[in-house]
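Thanks for coming, everyone. Let's get the structure up on the screen and walk through it.

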Amino acid sequence: MAITVVGSVAFDSIETPAGKRKRCLGGAATYFSLAASYFTKARGIDMRGIERAKGKSFFWEGSYMDDLNQAKTHITDLNVFAAFEPKIPEVYADSEFLFLANIDPVLQRRVREAMPKARMVAGDTMNYWIKDHKPALLEVLKELDVLLINDTEVRMLAGKDNLVQAARAVLAMGPSSLVVKHGEYGATLFHAAAAKGEQPKQTFRAPALPLDEVVDPTGAGDSFAGGFFGYLAAQPEITAASYRNAMFYGSVMGSFACERFGTERMQELSREEIDQRFKLFRELTHLD
Ligand code: AMP
């Protein structure tokens with residue numbers, strides 16, 4: 001099943017304790033599509049919707065020298081991204097799945113409105129939009145089936161320190177489900193039904209894989225989202241169990257993203273490697 005994604009395509013310069021890369025391929029939409037593409041029947045990314053505008057591409061430079069869970073941004077050069085007006089090709093109009101990666105919530109909403117046939121919509125955001133563009137973001141949240149953000153962002157959005165209380169407050173803003181990413185500590189899934197009806201059973205935690213070496217965490221969150229949503233989009237029917245599996249597939253793709261710089265690992269995976277790692281996750285968490 002096809003997924004449409006709107007988000008950044010970028011050149012990234014990255015420094016981590018494992019080394020440096022200058023101007024490698026990056027961007028939220030890039031990581032998301034690469035990760036999700038492994039779950040569609042005919043692996044492929046339809047790039048007809050990528051617009052080649054006159055001028056320089058979006059450029060991001062960051063490092064993770066003090067804390068691998070927290071990118072330190074040195075440069076964000078929006079360049080052509082500053083005037084980005086998403087144009088949705090007609091061939092995308094029938095997509096039933098839509099992912100609104102981290103961009104201006106005004107644009108996220110516009111894309112959602114332009115794709116009325118999307119029956120499942122997931123999205124991401126970041127501290128900048130939460131802090132300074134909250135009214136627009138709140139409009140987007142009403143439209144989402146799933147919001148995927150990290151724990152700092154959940155607390156900031158809700159204005160609450162306790163994660164469960166913060167999750168409940170965010171779910172009250174609109175999304176039916178909330179995936180809270182905890183970097184190397186995994187991710188937690190909350191459902192609105194659980195928030196309202198006190199069914200803690202529905203809350204679910206997936207671990208992250210303890211890795212020998214985190215070479216570069218850039219794109220781990222977007223790759224998680226790609227694995228999570230790609231898996232869901234490929235299911236004949238989406239049930240509570242599919243959400244749980246999706247949390248594991250999200251973690252699987254996030255773990256691969258960290259193993260090499262930029263998109264290097266995401267570009268050369270096989271479905272077998274993904275399934276093997278899924279098994280490893282089961283072993284990591286399963287009681288006999
Ligand atoms: P992640 O590590 O999953 O949060 O995403 C990293 C990607 O987000 C990088 O490849 C960057 O190019 C991209 N990125 C960084 N800042 C922004 C921004 N302000 N808007 C959109 N994308 C961004």
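**Cores, sheet and helices**

Start with the largest nonpolar core, which has 43 residues. The members that touch the most others are Leu148, Val179, Phe228, Met247, Met253, Met266 and Ile274. Helix H9, residues 240-257, gives this core its largest share: nine residues. Keep in mind that this is a predicted model.

Stay with Ile274 for a moment. Which residues does isoleucine 274 touch, leaving out those up to four places away in sequence? Tyr38, Phe39, Tyr249, Val252, Met253, Phe256 and Leu269.

There is also a second core, separate from that one. It holds 39 residues, among them Trp60, Leu98, Val215 and Phe261.

Now the sheet. Seven strands make it up, and it is open. Read the order with me: E1-E6-E7-E8-E9-E10-E11. The pairing is mixed. Why does one side of E1 and of E11 lack a neighbour in the sheet? Strand E1 (3-6) and strand E11 (204-206) are at the edges, and each has a single partner strand, so one side stays without a neighbour. From one strand to the next, the twist averages 15°.

Look at the E11 end. Strand E10, residues 187-191, pairs with E11 in the antiparallel sense, over three bridges. There, alanine 187 sits opposite alanine 206 of E11.

Two helices to finish. Helix H1, residues 28-37, packs on the sheet and touches E1 and strand E6 (97-100). The direction of H1 makes about 165° with that of E1. Helix H8, residues 220-233, lies across E1, E6, E7, E8, E9 and E10. H8 runs at about 170° to E6.

Key: Residues numbered from 1 in each chain as written. Predicted model: local features only at pLDDT ≥ 70, side-chain atom pairs only at ≥ 80, totals over all residues. Heavy atoms only, no water. Core = buried A, V, L, I, M, F, W, Y, C linked by side-chain atoms within 4.5 Å. Buried < 20%, exposed > 50% of the residue type's maximum accessible area, 1.4 Å probe, protein only. Helix = DSSP H or I, 4+ residues; strand = E, 2+ residues; numbered from the N terminus. Contact = heavy atoms within 4.5 Å. Pairing = 2+ DSSP bridges. Axes fitted to C-alpha atoms, helices over the stretch in contact; angles between N-to-C directions.
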